[in-house]
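Reader: I'd like to learn how to read aromatic pairs and nonpolar cores in a model. Could you walk me through them?

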Amino acid sequence: MAIRKIARMGHPVLRVRAEDVADPQAPEIRRLIHDMLETMLDADGLGIAAPQVYEPRRVVMFFVPDDTEASIEHDGEMPERELVILINPVLAPLTADTEEGWEGCLSVPGLRGIVSRPSVVRYAGLAPDGSAIDCEAHGMHARVVQHECDHLDGILYPQRMEDMSMLTFESEWKHFDLIADEDNDE
Ligand code: NI
């Protein structure tokens, strides 16, 4: 495993359509997944897509945000957040309703922006062991999976923004307390 360098906005690898993965269990894909996880954890990220470590392949991973885990019963300590690893994901909105929310991105360091996205989506893909994943996502969970899958089509969140006046330096964002409890990059 290795921590990899993270591609930043402007690098061409972030603008191309990533390639499908032929064999999810191939050694180079296992290695890629391990490195993506290590890189994401090191950078305090909430999610990461393979193009962000300079590999234009259709692999994303993200932690399911806490706001969707409200129904999980637990005693004492909070359960660890669930990590979803998706290979060759496909995604479709399940509603025309959209929600606005703040986003950040490891490839756009130091900035935040408000993005409007469908509030409910269905996504499918393969897990690292080759088994099928099929999931309905709401709220932040829906936002994160859309953000990560956009990376596979060469799209960064600023391209989804409707009001560029809400593209904000993190320091100002914190200073003006625009939002209190989201401080992870995707
Ligand atoms: Ni991102």
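Reader: Are Trp102 and Trp173 buried or exposed?

Author: Both Trp102 and Trp173 are buried in this predicted model.

Reader: How is a pair of aromatic rings described?

Author: In general, one gives the distance of the centres and the angle of the planes. A search of the whole structure here finds two aromatic pairs. One joins Phe62 and Tyr123 edge-to-face, at 6.0 Å centre to centre with 80 degrees between the planes. Phe62 belongs to strand E2 and Tyr123 to strand E6, 61 residues apart, so this pair links distant parts of the chain. Trp102 and Trp173 are also edge-to-face, with 6.1 Å between centres and 70 degrees between planes. Because Trp102 lies in strand E4 and Trp173 in helix H3, their pair ties together parts 71 residues apart in sequence.

Reader: What sits over the ring of Trp173?

Author: The charged end of Arg112 does, 4.6 Å from the ring centre. Similarly, the charged end of Arg81 sits over the ring of Phe63, 4.8 Å from its centre.

Reader: And the cores: which residues have the most contacts inside the largest one?

Author: The general idea is that nonpolar side chains tend to be buried together in soluble globular proteins. Here the largest nonpolar core has 34 residues, and Met36, Val59 and Phe62 have the most contacts inside it. Its largest share, six residues, comes from H2.

Reader: Why is H2 called largely enclosed?

Author: Of its 14 residues, 13 are buried, so the rest of the structure largely encloses H2. Just after H2, Gly154 takes a positive phi of about 75 degrees.

Methods. Residues are numbered from 1 along each chain as its sequence is written. Side-chain values use heavy atoms; hydrogens and water are left out. A nonpolar core is a set of buried Ala, Val, Leu, Ile, Met, Phe, Trp, Tyr and Cys residues joined through side-chain atoms within 4.5 Å. Buried means under 20% relative accessible area, exposed over 50%, partly exposed in between (1.4 Å probe, protein chains only). Helices (H or I, at least four residues) and strands (E, at least two) are DSSP runs, numbered from the N terminus. Rings of Phe, Tyr and Trp (its six-membered ring) pair if their centres lie within 6.5 Å; planes under 30 degrees apart count as stacked, over 60 as edge-to-face and the rest as tilted. A charge sits over a ring if NZ of Lys or CZ of Arg is within 6 Å of the ring centre and within 35 degrees of the ring normal.
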